[in-house]
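I am opening my notebook for a new model today. Below goes the picture, and after it what I looked up, entry by entry.

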Amino acid sequence: MSLVQGAHPQTTQPAEGARAALLAWPEFNKPAVWLVAVILLIMPFIASGFFLIEIFATTLILGTIALSLMFLAGYGGMVSLMQLTIAGFAAYMVAVFGMSANTNISLGWPWWLATPMALVLATAFGTLGGALAVRTEGIYTIMITLAIGAAFYYFTNQNWAIFGGHTGINTIATPKFWGVDWRSDIPYYYVTLGVAAFCYFAVQYVSRAPFGLALQGVRDNPRRMAALGFNVNAHRVAAYAFASFIAALGGVLQVWNYRQISPGSVSVGACIDILIIAVVGGITRPIGPFIGAFIFVILRTFALDLLVKFGLDGNRFRLLIGLGFLAIVFWSSDGVIGLWERWRRRATATDKRPGGGHGHG
Amino acid sequence: MFKSCAGLVALSSLLLSGAAIAQEKIKVGVTATLEGTYTVLGEDGIRGHQTAINTLGKKVGDKEIEFIVASTDATPDSAIRAVRKLIEQDKVQILLSPLSGDEGIAVKNFAKTRPELTFVNAASGAQETTYVDPAPNFYRYNMDGAQWQVGLGKYAYETKGYKKIATVGDDYSFIYTQVFGLVLEFCGAGGQVTNRQWVPLGTKDFASVIAALPDDVDAIYLGLGGADAVNFLNQYQQAGGKAHLMGGSIMVDQTILSAKGNAKNALIGTIAASGQADTWEDPGWQKFVKAYQDAFPPNKRFPSPSLLATNYYNSTMALILALRQANGDLSNNQAKLREALAKIELDAPNGKIKLDSNRQAIGTNFVTEVVDDGKGALFSKVVKVIPNVNQTLGYDPAVFAKIGVPSRTVPECKKY
């Protein structure tokens, strides 16, 4: 514990000890959080197929993939642009090991074998990429992970034996068991919600476990951590492994959603979308990526209709998306979460004036 | 406050539904590549679509067709996303989609998961879409890439005397299909294809491709399209390339022939084959060209419709005519519409079109040569018209099946 306090001297306050127990899961004592949880659970009774899948399930999937980036960037200080690539790799592996219309590529394993296989391979792939990336810092980490992402995109585009080239792999089988088609709208929504919640709480838990605390120590002062006897690189590689697993889960959900995978899904543009989602939402808390994903999906889906409604040229819808993101990043360098925190701090500041107690994670 | 708001919403929704009852609408979703490498192709496709609506109108009995356009970027993912958006958000009942080859394969596979809807292919031309495991609710009124190459191989070998050629093409299903059609005929006549180069769709730097072009060939076949084709021609001219050229159906097309700059002049004299020829004298074709030209101001269109405009025109026409035959009746899984779609014989501007048992077009093909009209505009001039081209290219279906599905290396250069 002393390590973390060393990194955040400003958070050491006398009342901290008493609050520590509650701090462990701060979500559970706020009515707003319960409200959101209940709304998410009863969503299928509120929203129809389009909103349920194209908006909410897509938000949860993109949020899960961006969550893996948030974990690396927020707690590990490593901005990785290959999280979508790992998700895409998992998606491709589901297609390759599972069943699809491309019978000369797919091995036709049942989903309960193909999915764990895809998760294991994608985690291994991400860990390997991470092991390469941890030797670098800052902008170089971004460069090397971007290079991995770009290389993977061009490889899938031109490899026909495994990845099906530009055409990709079509009509991928989705799980059906216990008499339920898990890809039909409502069960699928609950699957994504379950996976997203699992990942959210896993990140929440790990960030407070000894490993997560050591990782934050590594982020703030790697030299000091090394001097204290921590293996800095091993912590970082382990963080990549954990994040890769989360990204892989997102990738599996994505391929079940579209039942199809092709290089466009793992393009460099899509990799950067994940970064945008994480940055817009805010990378200081695990909820940030989900908020970012929601804003991203809403803008992507409705920007065109909105422009047309105002009598403007619909072809310029990307401009509106860009302006929206620019506005958020301009007014708040740590995303929507930062905006909200600042607003809350201002609200409490009018009651009493505490010092600038801003702590990470 | 809240209550009065809710009341207002309820009232307005009532009014809206009242208006909806007065005139029932048939919703049709259209996709086109309005982003990425094939943007110009998508835009001209939409012009063709609009020309058909201008000619035929949107009325089906007392109902009206509402068309909703969504944008894609020639990748299968974007096509599936657009189609799903149209179905789920806009509640369309019929799809007029997609434009590009790989999109077609993905949408055909998707069509099988929505058997209650009907899909009319807009312009995509990969062979696999209708040849391998076709979807029963997917109809294609344009020929595939291989059918569009019929006549070119023989013309190149026999009339032009090209014995040895090399190919450069975009690395995806439609161009595979085009090269498939070319190689079958050219090698069948006795020619040799020494080298096939494939570049990823969206390539901007062709330096290494141009450097690798062999010198000991009589001609080079180009299977590129959109921005890729223009980039290639620019760099090819800068590199001082002088070889005889042969072109695929979207290479020698108004989307390239009316590009700005001089690079396109490299194409003068190029022989090609396609589902249309710009200067064909057939009155039906001339009428269509006139309708296209009248519909848009000269700076917002090409001098003459591109292959994409023609395809979108034909598929839109087929859909509207079939809807009229079915009296707009979409009950019972759109059975009446499907029957009409399968039976319809289009008197299309580029020759008569009917469907085979896989719901794939049998139509007319054109061998062409690029000419300068004297005012700096390039057009494709008819050399030969070949009617009744079917998907198996005149081969016995059993023999044709043995050749395999078009890919980078299929077919081999031999006589089948």
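**Confidence.** I started with chain B, whose mean pLDDT is 89, with 94% of its residues at 70 or more. I had to look the term up: pLDDT is the predictor's confidence in each residue, from 0 to 100. This is a predicted model, so I note the house rules: local features need pLDDT of at least 70, side-chain atom pairs count only at pLDDT 80 or more, and totals for chains, interfaces and linings use all residues. Residues are numbered from 1 along each chain as its sequence is written, while chains are lettered from A and ligands numbered from 1 in the order in which they are written.

Where does pLDDT stay under 50 in chain B? I found that stretch at residues 1-22, and the model has 0 contacts for it beyond four places in sequence. (Two residues are in contact if their C-beta atoms, placed from the backbone, lie within 7 Å.) Where pLDDT is low, the predicted coordinates should not be read in detail. For the model, I copied down ipTM 0.77 and pTM 0.84.

**The open sheet in chain B.** Next I traced 6 strands of chain B, which form an open sheet with mixed pairing in the order β2-β3-β1-β4-β5-β6. Its edge strands are β2 (59-60) and β6 (138-140) of chain B, each pairing on one side only. My reminder on terms: helices (H or I, at least four residues) and strands (E, at least two) are DSSP runs, numbered from the N terminus. Two strands pair if DSSP finds at least two bridges between them.

Helix α3 (residues 76-88) of chain B packs on this sheet and touches β1 (25-32), β3 (63-71) and β4 (94-96) of chain B. The direction of α3 makes about 165° with that of β1(B). (Axes are lines fitted to C-alpha atoms, for helices over the stretch in contact, and angles run from 0 to 180 degrees between N-to-C directions.)

Then I went through the pairs of strands:

- β1(B) and β3(B) are parallel, with 8 bridges, and Val30(B) has Val69(B) in β3(B) as its bridge partner.
- β2(B) and β3(B) run antiparallel, joined by 2 bridges, and Lys59(B) stands opposite Glu64(B) in β3(B).
- β2(B) and β3(B) also make a hairpin with 2 residues between them, where Gly61(B) in the turn has a positive phi of about 60°.
- β5 (residues 118-121) of chain B pairs with β6(B) in the parallel sense over 3 bridges, and Val120(B) has Tyr139(B) as its bridge partner in β6(B).

**Another hairpin.** Further along chain B, strands β14 (residues 361-372) and β15 (residues 378-389) run antiparallel, and 9 bridges join them. I found Asn365(B) opposite Ile386(B) in β15(B). The hairpin has 5 residues between its strands, and Gly374(B) in the turn has a positive phi of about 90°.

**Odd backbone spots.** I found a cis peptide bond from Ser97(B) to Pro98(B), with omega near -5°. Pro98(B) sits in the loop between β4 and α4 (101-113) of chain B. The bond from Val410(B) to Pro411(B) is cis too, with omega near 5°.

Is Gln334(B) buried or exposed? Gln334(B) is buried, as it has 21 other C-beta atoms within 10 Å. (Buried takes 20 or more other C-beta atoms within 10 Å of a residue's own, exposed 12 or fewer, and partly exposed lies in between; C-beta atoms are placed from the backbone.) Gln334(B) is not a glycine, yet has a positive phi of about 60°, and I placed it in helix α13 (residues 331-343) of chain B.

**Over to chain A.** Chain A has 15 helices and 2 strands, and 44% of its 361 residues count as buried. I picked out helix α11 (residues 232-258) of chain A, which has 27 residues and reaches 39 Å from its first C-alpha to its last, close to the 39 Å expected at 1.5 Å a residue. (The expected span is 1.5 Å times one less than the number of residues.) Of those 27 residues 19 are buried, so α11(A) is largely enclosed by the rest of the structure.

**Where the chains meet.** Last entry: 20 residues of chain A are in contact with 21 residues of chain B. On the chain A side, α4 (49-76) and α7 (139-158) are the elements that give two or more residues.
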